[in-house]
Amino acid sequence: MDINSAQIEAIVKEVLSGLGGSSSSKPAASGNIPATSRVAMLTGIEKVEIKEYPIPEIGDDDILVKVEGCGICGTDAHEYKRDPFGLIPVVLGHEGTGEIVKMGKNVKKDSAGKPLNLGDKVVTCMIFKDNPDITMFDLNKQNVGGADVYGLLPDDETHLNGWFADYIVIRKGSTVFNVSDLNLDLRILIEPCAVLIHAVERAKTTGILRFNSRVVVQGCGPIGLICIAILRTMGIENIVAVDGEEKRLDFAKEMGATTSVNFKNHSGIEALAGAVKDAFGGYEADFAFQCTGSPVAHSNVYKFIRNGGGLCELGFFINGGDATINPHFDLCSKEITLVGSWVYTLRDYATTFDFLKRAKGIGLPLEKLITHKYPLSQIDEAYKTNIKMEGLKIAVINE
Ligand SMILES: [Zn+2]
C-alpha cells in the first residue's frame, strides 16, 4: 500500500496531538517575569535551603527558561547524602524542562536545527564552553561523562544554573533541544531514557540483538523498565524480566515484557537460570541487559545467555565493587560478546525524543514511571523518598 505525504502528515499530526504538546500554551509575556527566582540550594549534607536571587539581564546568546519540572536522579541523591562530587553549595537538578520566556537576539535554533521561539518547551544536555558552535551532528562520540551539565555546576554569580528552581539561565555553548511536542512527564523522562537509548545502541554493535531475539532484562527499576520499553518499540517481543519484587515485575509486563521471573522464588543460580530458560520455552537468551548495581547479579547474568549470545552491562553507574565470573565457562567457551554502557551522547539524546513518541504511539505507559511529584518547597521530602527507594522516578513539579 502506498501512503502519500498528506496522509503521513495527517498521521503525524494525530500522534502529536495525542502527546499533549504545547500548541495551546501561550508564551509568557516578558512583563510577567518576576524580579527574583527561588532556587533549592544544597548548602550542606542533607541540607537544602530555598533561596531567592534576582533574575539577571540575559545576554545576546542566553535563554531564560521558566522551569516546569525536574526529575531526581540517583546522582542528585548521592550528592545530597554525601557530596561525593564536592559541589556544595550547589543548585542540583539536571533532568529538567521548562518554557522559554526570554531569549537573547542571537538565539535562533536548537542544537538539532529546529527553530526556537518564546513559549517553546526545552531541555538542555551538555555545555561546551570552549566550543559553543558544536551541534549534535558533531557529537556521535562525545559522551556526557566528560562534559558540563546544568544542575551539576558549582554555584556562580547568577546562581540560576540548576533545574531545581523557578528559573534557569541557559548560557552560550549549551546544547538545547526544542521538545514542545512532548508532554511534561515525558520531557522529565528524557534524560533517564537517553541512558537506555545509548545502552541499546551499544548492544546493537554486537550484531546479536535482532528483531526476533530472545532478550532477558535483569533488574526492573526505572533503568530496566525503560530498557524493556525501548526493546518493545524496536519490535523485540520475546522479553523476560528478572527482579525480586512482584510489583516491579507486573510493571515490566505493562512496559512490554512477555513473561517475568522472580529470583526470590528460585534458590541458587542453577534454578534461576532454569526458570529463565523455561520462560523462553526451553531456550537460553540470545541477549541480556544487566540493569542492577549488584555484583552478584553481574556474575549470574552469564548463565542466562546461549552460546554465541551477547550481554550489555549498564548497571554500574557508580563503583559497586568487584564481581566474580569464571572466564572459561562464562565468556570464552560460550563466546559471549560483551559491551559496557555508561550515560549517553548528544545523538542518543535526539534519538530519545523519537523513542518517546513511538512508545506513546504503541501505548506503553511511560508516564507511570513518575510515581511521586513534589513542589519545590518540599524538595527535602522528595530527596528522602528517593533515598528510601519508594516508587520509581521522583519529580519536582513547579506549581
Ligand atoms: Zn541523571
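This tour moves from the whole chain to its sheets, then to two helices and one residue.

**The whole chain**

Begin with the entire protein chain, which is a predicted model. Its 399 residues include 44% that count as buried, and the chain has 11 helices and 16 strands. Among contacts between residues at least 6 apart in sequence, 71% join residues at least 24 apart.

Next, colour the chain by pLDDT. The mean is 90, and 88% of the residues reach 70 or more. Then select residues 20-29, where the pLDDT is below 50; beyond near neighbours in sequence, this stretch has 16 contacts in the model. Where pLDDT is low, the predicted coordinates should not be read in detail.

**The parallel sheet**

Select strands 9 to 14, which form an open sheet of six strands with parallel pairing. Reading across the sheet, the order is 11-10-9-12-13-14. Its edges are strand 11 (259-262) and strand 14 (337-340), each of which pairs on one side only. On average, neighbouring strands of this sheet are turned by 20° against each other, direction ignored.

Now restrict the selection to strand 13 (residues 305-313) and strand 14, which run parallel and are joined by four bridges. Within this pair, G310 stands opposite T337 of strand 14.

Add helix 4 to the view. Helix 4 packs on the sheet, with contacts to strand 12 (285-290), strand 13 and strand 14. The direction of helix 4 makes about 145° with that of strand 13. Helix 5 also packs on this sheet, touching strand 9 (214-218), strand 10 (238-243) and strand 12. The direction of helix 5 makes about 160° with that of strand 9.

**Helix 4**

Select residues 190-204, the 15 residues of helix 4. From first C-alpha to last, this helix reaches 21 Å, close to the 21 Å expected at 1.5 Å a residue. Helix 4 is mostly covered, as 12 of its 15 residues are buried. Among the buried residues are E191, P192, C193 and H198.

**Helix 5**

Continue to residues 222-233. At 1.5 Å a residue, the 12 residues of helix 5 should span 16 Å, and the end C-alpha atoms are 17 Å apart, which agrees. The expected value is 16 Å because the span is taken as 1.5 Å times one less than the number of residues. Helix 5 is mostly covered as well, with 11 of its 12 residues buried. The buried residues include P222, G224, C227 and T233. After the helix, select G235, whose phi is positive, near 90°.

**The antiparallel sheet**

Turn to strands 1, 2 and 4, which make an open sheet in the order 2-1-4 with antiparallel pairing. Strand 2 (47-54) and strand 4 (90-91) are the edge strands, each pairing on one side only. Two bridges connect strand 1 (residues 36-44) with strand 4. To locate this pairing, display L42, which stands opposite V90 in strand 4.

**I63 and its surroundings**

Finish with I63, found in strand 3 (residues 63-71). Is I63 buried or exposed? I63 is buried, because 25 other C-beta atoms lie within 10 Å, where 20 or more are required. Leaving aside residues up to four places away in sequence, I63 touches I100, M103, V107, I170 and V176. Lastly, display the C-alpha atoms of I63 and S174: these residues are 111 apart in sequence and 9.9 Å apart in space.

Methods. Residues numbered from 1 in each chain as written. Predicted model: local features only at pLDDT ≥ 70, side-chain atom pairs only at ≥ 80, totals over all residues. Contact = placed C-beta atoms within 7 Å. Pairing = 2+ DSSP bridges. pLDDT = per-residue confidence, 0-100. Axes fitted to C-alpha atoms, helices over the stretch in contact; angles between N-to-C directions.
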